[in-house]
Amino acid sequence: HTVLKTSSGKIRRAASREFYERGGQGTRPAPVWWQFARLAWTGALPQMRRAMRAFFAMAYGVYAWAILLTLALPTWSAVAIMNRPARAWPLIRSAARLLLRLTGTPLAVVGLEHLPQSACVLAVNHASYLDGILLSAALPADFAHVFVAKRELLGHFVPRLFLRAIGAAFVERFDAQQGVEHAEDVAGALEQGGSPVF
């Protein structure tokens, strides 16, 4: 407190000069050890806050994964056993909404009134595998949709069993001739009243 400042931090030059000329009466510098302790504490506080934020973020991540696995395993098993898309979708939708609720993830859906009553094609931005969960939670319960999935997923047991059980359409992305055939399959699903979701 030997350099006088305004509340916004600007140096009060005239007042500081006057204070210095008076010999700085009324102030005594803090001991060096106290100055160092104060500096160390001031530097450590942001680090501690950062560490606490990182800890809570990691703890939340562990919690969210635990909830996801706790819901995913019985949902996957029930869907695989049912093997009927019409019965599987309400279960998937309920599990997806419960996951969002338990993880504190807000879901705001805008524009559902624009979905036509008849079959249509939905092209959705796709950033991660969680998008399928969000879409399942967001789409109306009576919306007959058919997820379109890349054919490579047929090579893996877990997604293959689940996606077949929900009636997903698989498309080839690298072989043009097979891709055309699969596009015709998707068009067939559309003609039968299903709404392909890309």
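This is a short walk through the helices of a predicted model, with a selection to make at each stop.

**Stop 1: helix α1.** Start by selecting residues 13-21, which form helix α1. Show the side chains of Arg17 and Glu21: they join in a salt bridge, with 3.1 Å from N to O. Both residues belong to α1 and sit four residues apart, about one turn of the helix. The structure has two salt bridges, and this pair is one of them.

**Stop 2: a patch on the surface.** Next, select Met52, Phe55, Phe56, Met58 and Val62, and switch on a surface. Together these residues make a nonpolar surface patch of about 550 Å². Phe56, one of its members, lies in helix α2, which covers residues 32-82.

**Stop 3: α2 beside α3.** Keep α2 and add helix α3, residues 85-102. The two helices pack at an angle of about 175°, and their axes are 10 Å apart. Angles over 145 degrees count as roughly antiparallel, so that is how α2 and α3 run relative to each other. To see the contact, pick Tyr63, Ile67, Leu68, Leu71, Thr75, Ala78, Val79 and Met82 from α2. From α3, pick Arg87, Ala88, Leu91, Ile92, Ala95, Leu98, Leu99 and Leu102.

**Stop 4: α2 against α5.** Now hide α3 and bring in helix α5, residues 157-165. Here the axes of α2 and α5 come within 8 Å and cross at roughly 55°, so the pair is oblique. Which hand does the crossing of α2 and α5 have, left or right? Turn the view to check: the crossing is left-handed. On the α2 side, the residues to select are Trp76, Val79 and Ala80; they meet Phe157, Val158, Leu161, Phe162 and Ala165 of α5. Val79 may look familiar, as this α2 residue also takes part in the contact with α3.

**Stop 5: α3 across α4.** Finally, bring α3 back and add helix α4, residues 130-138. Their axes come within 8 Å and cross at roughly 105°, which makes α3 roughly perpendicular to α4. Select Trp89, Ile92, Arg93, Ala96, Arg97, Leu99 and Leu100 in α3. Their partners in α4 are Ile133, Leu134, Ser136 and Ala137. Ile92 and Leu99 also appeared in the contact with α2.

Key. Residues are numbered from 1 along each chain as its sequence is written. This is a predicted model: local features need pLDDT of at least 70, side-chain atom pairs count only at pLDDT 80 or more; totals for chains, interfaces and linings use all residues. Side-chain values use heavy atoms; hydrogens and water are left out. Patches are made of residues with over 30% relative accessible area and no salt bridge: like charges are joined within 9 Å, nonpolar side chains (Val, Leu, Ile, Met, Phe, Trp, Tyr) within 5 Å. Accessible areas come from the Shrake-Rupley method with a 1.4 Å probe; for residues, only the protein chains shown count as cover. A salt bridge is a side-chain nitrogen of Lys or Arg within 4 Å of a carboxyl oxygen of Asp or Glu. Axes are lines fitted to C-alpha atoms, for helices over the stretch in contact, and angles run from 0 to 180 degrees between N-to-C directions. Angles under 35 degrees count as roughly parallel, over 145 as roughly antiparallel, 65 to 115 as roughly perpendicular and the rest as oblique. A crossing is left-handed if the near helix is turned anticlockwise from the far one by less than a right angle, and right-handed if clockwise. Contact means heavy atoms within 4.5 Å.
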